[in-house]
Amino acid sequence: MKRMTVIISLFLMGWIRLSAGPVQDLIKNSGGPEDYPHDKLLILFDSIHVRVMETGLSYINTHRLYKILTAKGAKELSVIKYDYDPLSAFAEIKKVVIYRASGLIEEVDLSKTVDYPAPARAIYWGAREKMIGIGRLEPGDAVEVYLFKKGFTYALLAGEEDDERYIPPMRGHFYDIVEFWSASPVLLKSYQVDIPKDKPLQYEVYNGEVQSSQVFSGDRTIYSFTKRDIRPLDYEQGMLAWSDVATKLLLSTSPDWKAKSLWFYNVNEEYGSFESTPEIKAKIDKLLVNAKDEMDSISILTHWVADEIRYSGISMGKGEGYTLHKGSMDFTDRCGVCKDKAGMLITMLRAAGFESYPAMTMAGSRIDYIPADQFNHCVTILKLADNKYKLLDPTWVPFIRELWSSAEQQQNYLMGLPEGADLAVTPLSPPENHYFRMTCSSEILTNGTLKGTLTVTAEGQSDAAIRGLFTRSSPSEWKKLVENDLLAVAPLAQISAIDFGNPYDYISNPIQIKVTFKIPEYAFITNKELIFTPIVALHPFKRGMSHLNFSTGPENRKYPFRDRCSRLVELKETIILPAGFTVLYAPSIQQSDGSGASYEIGIKQSGRTIEFHERVTLKKRVYDASDWPSFRAAVMEQNQIAQEPVILIKK
């Protein structure tokens with residue numbers, strides 16, 4: 001195995017060329033299913049070589065050698081796919097060779113390569129896939145693949161000349177994000193950049209170690225990075241993105257985030273992305289005719305864009321990628337992706353007299369400090385009268401009471417300002433801003449029937465979770481959906497009244513649902529005992545408590561994790577008991593406070609009345625692994641109380 005690794009290393013560094021014999025030796029000596037019992041494929045080497053031109057145009061050659069370990073691996077590799085966007089990249093499958101376990105070597109006929117639209121949902125920008133079917137494979141076979149691409153990741157403005165479209169948005173600059181992790185084991189991964197010497201390249205490795213070197217070659221510099229024996233990481237429920245926990249390499253010729261901020265500002269101002277029209281101004285005047293103050297005007301415009309510009313990404317010609325489409329186009333089409341919604345809001349805010357700009361962020365993962373373009377989302381910022389900047393996100397707040405979604409707290413962002421800006425992070429949102437409250441006034445009859453009224457109220461992201469029951473479904477289904485949430489914990493429930501107001505009126509008040517019910521045979525009755533669990537302890541409307549979906553099996557976690565949002569959960573039930581009964585057993589009051597969560601849960605009796613309460617505070621959206629014990633304890637205690645009934649005894 002050591003000799004094989006040395007041969008691969010020499011090959012990847014360009015010191016030797018492998019003939020069929022050495023390749024077959026590598027395949028033979030690389031191990032089999034017994035060495036990788038949990039894997040379908042083994043990657044013997046993954047080599048990427050990038051040559052960067054003065055304009056920033058990149059030529060990328062990829063060379064991989066796969067070994068098939070199982071029948072599932074054979075099926076997975078039966079078609080080679082290579083994704084690209086024709087607006088910004090040219091891609092080609094250069095060569096595919098099959099090494100049969102029997103010793104036979106076959107070169108795949110590339111004339112059968114097809115070019116299909118890539119699968120898409122909600123965003124249809126013309127991404128495509130080059131594909132070649134390589135037929136039946138068997139465990140023990142190996143496949144060698146050569147790929148070529150020129151261009152970059154994100155599209156901007158299509159140029160007139162052929163290669164112009166492949167030059168990156170920040171002309172003359174280069175960046176890349178290299179994943180040194182894999183779903184299959186990799187014996188050796190190599191990444192090499194050959195770049196003009198006058199382009200200083202800064203880089204950093206995160207979440208692990210990678211061997212690196214730098215060599216001068218005439219007027220160019222060659223940077224090489226290698227990592228051996230890459231094993232798939234174990235998945236943990238709710239863990240952060242792989243890019244936040246697995247080894248990765250970031251490279252960039254951009255000097256800092258301020259330079260990127262200035263470029264982002266200038267490219268959109270020069271394009272005229274935020275120019276208003278008489279039609280837009282007329283709409284703004286109509287919307288703001290009764291606006292009370294600054295924040296009321298901002299709220300009205302943000303929610304109009306959020307609700308009235310449909311999220312639907314279609315190819316609109318010039319203006320894809322980092323250049324935002326013009327507000328006039330968005331206003332006419334009434335659809336677009338995040339950057340279109342953000343741009344439409346900026347256009348309207350500016351026309352209304354506000355100072356507003358775009359910002360880039362990364363929904364779902366961290367942005368690290370090397371200024372490689374780690375962005376997948378666009379939002380809006382504006383300067384308030386007190387000169388403080390405020391974040392707005394019309395993409396994530398349709399039918400949500402917030403102007404900036406707190407599901408994006410603890411998230412990095414970069415503002416495109418005329419003076420430039422550094423990378424920033426959104427603050428924690430206090431749990432009480434996202435309360436979920438469920439109260440119930442109930443009575444247990446002597447025959448075991450429970451009757452009462454259950455009330456749910458919620459705010460912030462908890463409001464969004466509950467309101468989504470209505471805004472994501474047809475009005476004809478609303479009552480049934482509310483019933484289902486109660487029936488999920490009490491199948492015999494008979495519901496006599498449901499009131500949820502107008503769910504589309506999310507501005508006036510937080511969501512509120514009232515359910516009047518009767519549940520026959522709810523309590524278990526013997527000659528002297530009555531046994532039951534408070535209905536709120538069974539957690540109906542669990543959609544407002546996403547933390548309860550976490551598995552509490554693992555005592556410790558290796559990686560950070562995340563929940564929907566910080567949250568305050570308050571559950572209360574006042575239960576009138578049948579005459580002559582007193583509490584024989586009730587769960588004792590439990591309480592705890594930790595870095596991730598705190599809770600207090602308990603029951604107390606006063607005369608014929610029992611009062612049950614749960615108060616759980618979930619303090620973050622993104623948690624460190626060290627927060628897991630307190631978070632886990634809160635979930636376990638809530639789940640435990642649902643399994644621990646109250647026992648009443650007749651005097």
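Here is a short chat about salt bridges and burial in this predicted model.

Biologist: What makes Glu 54 and Lys 199 a salt bridge?

Modeller: Their closest N to O distance is 3.6 Å, and the cut-off is within 4 Å, so the pair qualifies.

Biologist: And what does that pair tie together?

Modeller: Glu 54 sits in the loop between strands S1 and S2, and Lys 199 in the loop between strands S11 and S12, so the bridge joins parts 145 residues apart in sequence.

Biologist: Why is Lys 199 called buried?

Modeller: Its relative accessible area is 9%, and buried means under 20%, so the label fits. Glu 54 comes out at 46%; that falls between 20% and 50%, so Glu 54 is partly exposed.

Biologist: How do you know that Lys 383 and Glu 355 pair up?

Modeller: The closest N and O atoms are 3.9 Å apart, which is still within 4 Å, so we call it a salt bridge. Lys 383 belongs to strand S20 and Glu 355 to strand S19, so this one ties parts 28 residues apart.

Biologist: What about Glu 570 and Arg 437, why does that pair count?

Modeller: At 2.7 Å between the closest N and O atoms, the pair is within 4 Å, so it counts. Glu 570 is in strand S31 and Arg 437 in strand S24, 133 residues apart.

Biologist: Is Glu 570 buried or exposed?

Modeller: Buried: its relative accessibility is 15%, and the limit is under 20%, so it passes. Arg 437, at 32%, is partly exposed.

Biologist: How many salt bridges does the rule give?

Modeller: The count is 29.

Note on methods: Residues are numbered from 1 along each chain as its sequence is written. This is a predicted model: local features need pLDDT of at least 70, side-chain atom pairs count only at pLDDT 80 or more; totals for chains, interfaces and linings use all residues. Side-chain values use heavy atoms; hydrogens and water are left out. A salt bridge is a side-chain nitrogen of Lys or Arg within 4 Å of a carboxyl oxygen of Asp or Glu. Helices (H or I, at least four residues) and strands (E, at least two) are DSSP runs, numbered from the N terminus. Buried means under 20% relative accessible area, exposed over 50%, partly exposed in between (1.4 Å probe, protein chains only).
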